[in-house]
Amino acid sequence: MAIRKPRGTQDFLPEQIGNWHFIEDRMRKICKAYGFSEIRTPVFEDTKLFLRGIGETTDVVSKEMYTFSTSDDKEQSFTLRPENTASAVRAYLENKVYGKEALTKWYYMGSMFRHDKPQAGRYREFHQFGAEVLGSQSPVVDSEVICMVVQLLKDFGLQDLNVEVNSVGCPNCRPAYRQKLIEFFEPKKDQLCPTCQERLYKNPLRILDCKNETCKALSVGAPEIHEHLCEECHAHFEELKAFLHAAGIQYNLNPRLVRGLDYYTKTAFEVQYTPLGAQSAVAGGGRYDGLVEELDGPHTPAIGFAMGMERLLLALEKQGLLPEPIVESSVFVLALGEAAKVEAFKICQALRNEYITAEMDGQGKSMKAQLKYANKINAKYVIILGDDELANKEAIIRFMESSEQETVSLDTLVNRISSLVKG
Ligand SMILES: [Zn+2]
Ligand SMILES: [Zn+2]
């Protein structure tokens, strides 16, 4: 039995990589425009980081993490990162970034790992692009983050975006709201799905975004957080809406948008691309003013988002918004005979030193097969080197599009090709 890739993982072959570069380049560009710098953190971390940073009651932590220890230290538990926010905060604290700058704006992209049941469009190793702003409690930064996500998606050409925003309150106002929710759902407890029965006392807000139809029906008429926000949360939310309005961002209020993670405060948002149906959520994020302290750091208000890169590629593919592959012009050096081979190798190296794509035969192919290969790699110029040419210290350049040929001396060959390729 041949070894196969693990379930829920993907190989990206060269023909797909252009699409990844395309979205990654755009992401880097927009991050630059908004003043974000890239970070890269380890793919695995101390398990405690995610237990504390994400919350032990969340599905991610309780059911979906890849956790392991190594034979040399069975006491130490590691986990493949299921998301990047906790790692970013750990890096922020470990490198004492809070002592060096008042406001930190970071972005990341990379693999995340969760072993929930693989299904269409969901993977066990998946890729996220995300950003974090640490050090500001102003709704200005909440609005900037939302604007950046929307602008990125719009610039890709995605039109039918649905931006949903909510406030999930803060430690001052949420406990009273939680209590109201518990009181609302308690009499209906037996009818809730098993997951929501478990959530009722631990995380009753999550009942509001349960996908189970019965739970959805039972939560009709549930108390809404907007009526329970404290003055500070209410003012923050009103300012956020004013900024979004000023930026021309259309949004919908969704009181059921509660986010799965415990550390979220105030702003929560999700950006959906509606033609994707059940998997329409392309990006989501929110404020997490309590996380840095939760991880033993100084009080640091923060907000971030994450975008599913596979989901984005799916949307772009569906709408035909991925670019045509770019065919770079290249050079093939066709050698006839042993002596010519050495000269051909020298020519290839000279061209590569100029960063011109150059190849020669490495498989002992016939002249005909070499020409066929030159066509396959879309060589725009083929340099032909035979014994006669070599004796005269010359080579023939064949222009593949027109089939025209010219003879040049070996001394000037590289310059001639260089001027042809670079224009
Ligand atoms: Zn509040
Ligand atoms: Zn439920």
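**View 1. Tetrahedral donors around the zinc ion (ligand 1) in this predicted model.** The four donor atoms here subtend angles of 100 to 115 degrees, which makes the arrangement tetrahedral. For reference, the ideal angle for four tetrahedral donors is 109.5 degrees. Sulfur does the work at this site: the zinc ion (ligand 1) is coordinated by the SG atoms of C170, C173, C230 and C233, at 2.2 to 2.3 Å. Read along the chain, the donors of this ion follow the spacing C-x2-C-x56-C-x2-C. As for C233, its relative accessible area is 1%, so this residue is buried, the cut-off being under 20%.

**View 2. The zinc ion (ligand 2) and its cysteine donors.** In this close-up, C193, C196, C210 and C215 each offer SG to the zinc ion (ligand 2), at 2.3 Å. The angles among the four donor atoms run from 104 to 115 degrees, and the site is tetrahedral. The donor residues are spaced C-x2-C-x13-C-x4-C in sequence. C193 sits in the loop between α6 (174–185) and α7 (194–202), while C215 belongs to helix α8 (residues 213–218); the pair lies 22 residues apart and links distant parts of the chain. Are these two buried or exposed? C193 counts as buried because its relative accessibility is 11%, and C215 counts as buried too, at 0%.

**View 3. The largest nonpolar core, with F129 picked out.** This core has 45 residues, and those with the most contacts inside it are I23, F129, M307 and L312. Helix α5 (residues 139–155) supplies the largest share, nine residues. Zoom in on F129 and you'll find it touching M27, C31, Y107, Y108, M109, L152, F305, A306, M307 and M309, with residues up to four places away in sequence left out of that list. Another core, of 30 residues, lies apart from the largest one; L49, F50, W106 and Y264 are among its members. As a bit of background, nonpolar side chains tend to be buried together in soluble globular proteins.

**View 4. A cluster of phenylalanine rings: F44, F68 and F78.** Ring pairs are what link these three residues into a cluster. If you're after other aromatic pairs to browse, a search of the whole structure finds 12 of them.

**View 5. A lysine over a tyrosine ring: K365 and Y373.** Which residue lies over the face of Y373? K365 does, at 4.4 Å from the ring centre.

Methods
Residues are numbered from 1 along each chain as its sequence is written. Chains are lettered from A and ligands numbered from 1 in the order in which they are written. This is a predicted model: local features need pLDDT of at least 70, side-chain atom pairs count only at pLDDT 80 or more; totals for chains, interfaces and linings use all residues. Side-chain values use heavy atoms; hydrogens and water are left out. A nonpolar core is a set of buried Ala, Val, Leu, Ile, Met, Phe, Trp, Tyr and Cys residues joined through side-chain atoms within 4.5 Å. Buried means under 20% relative accessible area, exposed over 50%, partly exposed in between (1.4 Å probe, protein chains only). Helices (H or I, at least four residues) and strands (E, at least two) are DSSP runs, numbered from the N terminus. Contact means heavy atoms within 4.5 Å. Donors are N, O and S atoms within 2.8 Å of the metal (3.2 Å for Na, K and Ca); water is not among the atoms, so sites may look incomplete. Four donors count as tetrahedral if all angles lie between 85 and 135 degrees; four count as square planar and six as octahedral if opposite donors are over 155 degrees apart and all others between 65 and 115; anything else is irregular. Rings of Phe, Tyr and Trp (its six-membered ring) pair if their centres lie within 6.5 Å; planes under 30 degrees apart count as stacked, over 60 as edge-to-face and the rest as tilted. A charge sits over a ring if NZ of Lys or CZ of Arg is within 6 Å of the ring centre and within 35 degrees of the ring normal.
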